[in-house]
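Please take a moment with the sequence and the model shown here, and then follow the paragraphs below from one part of the chain to the next.

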Amino acid sequence: MSIDSSRLKSLFQYEEPNEKLKGKVISVVNQIPYNCILNKGSETASTLETGDSLDATPISHLERRRRSTIAGLGQTNIWKLSTRRGHSAMYAALDSLKKDYRTLYIGGTGPIYTKDHKQVESDSISSIEKSSLKDLLATNYDLAPIFLDDKLSFGHYEGYSKQVLWPLMHYLMWPDTVDELAYWEDYVKVNEIYANEVILNYQEGDVIWVHDYHLLLVPQIIRAALPKAHIGLFLHTPFPSSEIFRCLPHRRELLEGVLGANVVGFQTYNYARHFASNCTRILGYEYTPSGILGNGNLIQIGIYPIGIDVERTRYHCHRPGVAPKAKAIRERYRGKKILVGRDKLDPVKGVLQKLEAFELFLDKYPEWRDQVVLIQVTSPGVLDSPGLEKKASEIVGRINSKYGSLEFTPANFFNQQIDRDEYYALLQVADIGLVTPVIDGMNTSSFEYIVAQEERHSPLILSEFTGTANSMGAAVIVNPWDFAGVARAIAECLNMSKEEKLMKYQQLNKFVTSHTASFWAKSLVKSLINIPKNIWTTTDPLDVSRVKTEFNNSRKRAFFFDYDGTLVPICSDPELAEPSKEALEVVTKLASDRNNIVWVISGRAQKYLEKWLGHIPHLGLSGEHGCFIRDPDSKIWVNMLDTVDMSWKDDVKEIFEYYTERTPGSFIEEKECSLTWHYRKADPKYGPFQAMEMQNHLEQNFVGKLPVECLTGKMTLEMRPSLINKGIIIKRALTQNQEIEFILCAGDDKTDEDMFRVLERIELGGIELIQFTVVVGSNDKKTMANWRVDSTHEFIQIIKQLCQK
């Protein structure tokens, strides 16, 4: 029978609904974007401090401009606020949401200081002072501050976050001197405090975005209290491969914490792929092109490259203090080509590699020795690395002694904070921008460089290991470890024609100005508003009396049953799973009623279905998860993938055979459209371990590259085409029988979630459709199904009652 495809589209919502946010956006960050200054008993000036020292102009040697007065900042006689350094892109992005949504910022205050820059002990701040700050921040900024005990805050931020997680995310192991266990306890407690603050402020209709590695446990803690909340987590750092992340003693807890979110966002596909690999290898969860399938829930994985506030950056570039500093720098290096680098002094920022490459450039290209200067500015990094500064100074000294003179120093190293005007002056005067970390997540200095170069169009050299490299292909992409390659790139940029510079700049500028911080923030919110339904709580026992009532009141009914685990119990030997006499009688009687459409939709090969159920009149059969179908009243099996390339099976079979040889008790079941690896008879610990290893192998090499997916079942691992699943059969059957009023669909494992998910989205032309989606098995299963029965025997008895007149 042919399918009316237009009718099929009208029945099911293929496009995600563009729903509007009913509540507010709750953004949860480690620290709020303001420093809080306690000013007891003194008058407070209405100035917005920037945190820069007045003499922070080591390059231009020009006096810093006076700080401007900011009206309406909202200080009290107790508190004064100043902007916090760092994370400007994230803060600008979240602030931009206020134009379109109601918002709430939740974050820690960070260390609190007096106006004399002395840190205030947390237990010395009175409840009145805390209330005053809460009122100030809530009234002016829709912000809820969190006050942490000093010791707890240190263990969470300076301890576990900075000394364990941050290095690990950047492929560095924490030193032996770090007490990971003690810091872990503080990390957990602080995450609980943040989560509880969110729960306290949450209202139905809100969406929650948690940010970065400091708060990885927060989504799961919120989920336990708010099962239906829309929660997202965005990781601003890289995410390491499983070989690194598996070293972490609390790896499972962190992954489970993240997977409490509905959506997990990353800067690049590679970071997302590494996260998925960790979920399969450590937790044994299934990875699909749509996300991670764990405990019956689909956690979506999203790629959201962050941007900057272009207008604010442009404004900073044109501040009155920038032009004089830019002019002074040009005068100081008159006649020279200026290479500019601005990094934190961390091992992963590639400062040493950059200096080594510059030295090699001067060696390999002697014609440029007296014509090029490198200005490398660094600020304190996340990790305390005194040896790094010493080593950088040694390389700079070596370069200058070899290629410099009393009048000229080709390498200029400034390890100190510089003010904002001087920073943008440097970006403007640069003839080449050098952004070459050995690994990095959110590096937005390359974006700021592009905005600053609106007049000069100087080229950008960018490390392939930055999170922005995939988005900025018009930059000169380099491997920072390849010193000769970086040296060639410098020479290439110095010899680049004006036309090529302009062409590359226009491409980079187009991306930077379109993928802004605001665009990024709105993308995060939209992804949470339109998430598919997930069930984070256990289902209720099936209301049999209601099923009987609705069944009797319906004129046309449809039944869709899984086979193994639903109609028959799971058997250790799959070939012995024949249906009982009672099950055959029930299905036969149900199918004999011409008002019923009955399908058995199984992962079994069609030969088994034909052998055990083929004799039942008017019964529809589907094998291999929808790959083969036999319509009711037909004896002909149809291959739904007749035109699909199945050549991938040979390669997958080799991998299956490799693991079978090394896993006693396992065996391969080969079907026409899929391959299944059974390990039910293998060692109960070694079998699942090998299954996770093989799953990771398959997902890294096949899933996402070919139209296939890897499914984990009950002691099985199956590779099948992703173009079809059990849900497709339900779509087809309902399209051909549009008068159906009642549906009962039952299954027991992950492959049956495709059926439940399809039925969740159905809209049947205005007809009120009664649905019962039923999961068979223990009550701890998390599933899309709305109802539950405990066993196949109980399910057969329920169907038997429906057949009784």
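In this predicted model, the buried residues of helix H20 are Ala 583, Leu 584, Val 586, Val 587, Leu 590 and Ala 591. Because these residues cover an arc of only 165° around the axis, they lie on the same side of H20. The general background is that an α-helix has 3.6 residues a turn, so residues three or four places apart point the same way. Helix H20 itself takes in residues 581-592, twelve residues in total, and reaches 16 Å from its first C-alpha to its last, which is close to the 16 Å expected at 1.5 Å a residue. Among the elements that cover the buried residues of H20 are strand S20 (557-561), strand S21 (596-601) and strand S22 (619-623), together with helix H21 (606-613) and helix H26 (792-803).

From this helix one can turn to two strands and their partners. Strand S30 (residues 770-776) has six of its seven residues buried, so the strand is largely enclosed by the rest of the structure. S30 pairs in the parallel sense with strand S29 (residues 742-747) over six bridges, and within that pairing Gly 747 has Val 775 in S30 as its bridge partner. S30 also pairs in the parallel sense with strand S31 (residues 787-789), here over three bridges, where the partner of Val 774 is Trp 787 in S31.

Strand S2 (residues 34-38) is likewise largely enclosed by the rest of the structure, because four of its five residues are buried. With strand S3 (residues 79-83), S2 pairs in the antiparallel sense over five bridges, and Cys 36 stands opposite Leu 81 in S3. With S5, by contrast, S2 runs parallel and is joined by two bridges, and there Leu 38 stands opposite Thr 114 in S5.

Buried side chains also gather into cores. In soluble globular proteins, nonpolar side chains tend to be buried together. The largest nonpolar core here has 88 residues, of which Ile 208, Leu 254, Phe 275, Leu 698 and Met 719 touch the most other members. If its neighbours within four places in sequence are left aside, Phe 275 is in contact with Phe 239, Leu 255, Val 258, Leu 259, Val 264, Phe 266, Ile 292 and Ile 301. A second core, separate from this one, has 79 residues, and Val 120, Ile 125, Leu 426 and Tyr 449 are included in it.

Two loop residues deserve a look at their backbone. His 117, although it is not a glycine, has a positive phi of about 70°, and its place is in the loop between strand S5 (113-114) and helix H3 (127-141). Asp 212, also not a glycine, has a positive phi of about 80°, and this residue is in the loop between strand S7 (207-211) and helix H6 (218-225). Their surroundings can be set side by side: His 117 is exposed, with a relative accessible area of 69%, whereas Asp 212 counts as buried at 7% relative accessibility.

How many disulfides does a search of the whole structure find? The search finds zero, and two cysteines can serve as an illustration. The sulfur of Cys 317 has its closest cysteine sulfur in Cys 493, and because the distance is 20 Å, the two are too far apart for a bond. Both residues are shielded, since Cys 317 counts as buried at 4% relative accessibility and Cys 493 is buried with a relative accessible area of 2%.

Key
Residues numbered from 1 in each chain as written. Heavy atoms only, no water. Buried < 20%, exposed > 50% of the residue type's maximum accessible area, 1.4 Å probe, protein only. Core = buried A, V, L, I, M, F, W, Y, C linked by side-chain atoms within 4.5 Å. Contact = heavy atoms within 4.5 Å. Expected span 1.5 Å × (residues − 1). Arc of directions from axis to C-beta. Pairing = 2+ DSSP bridges. Disulfide = S-S within 2.5 Å.
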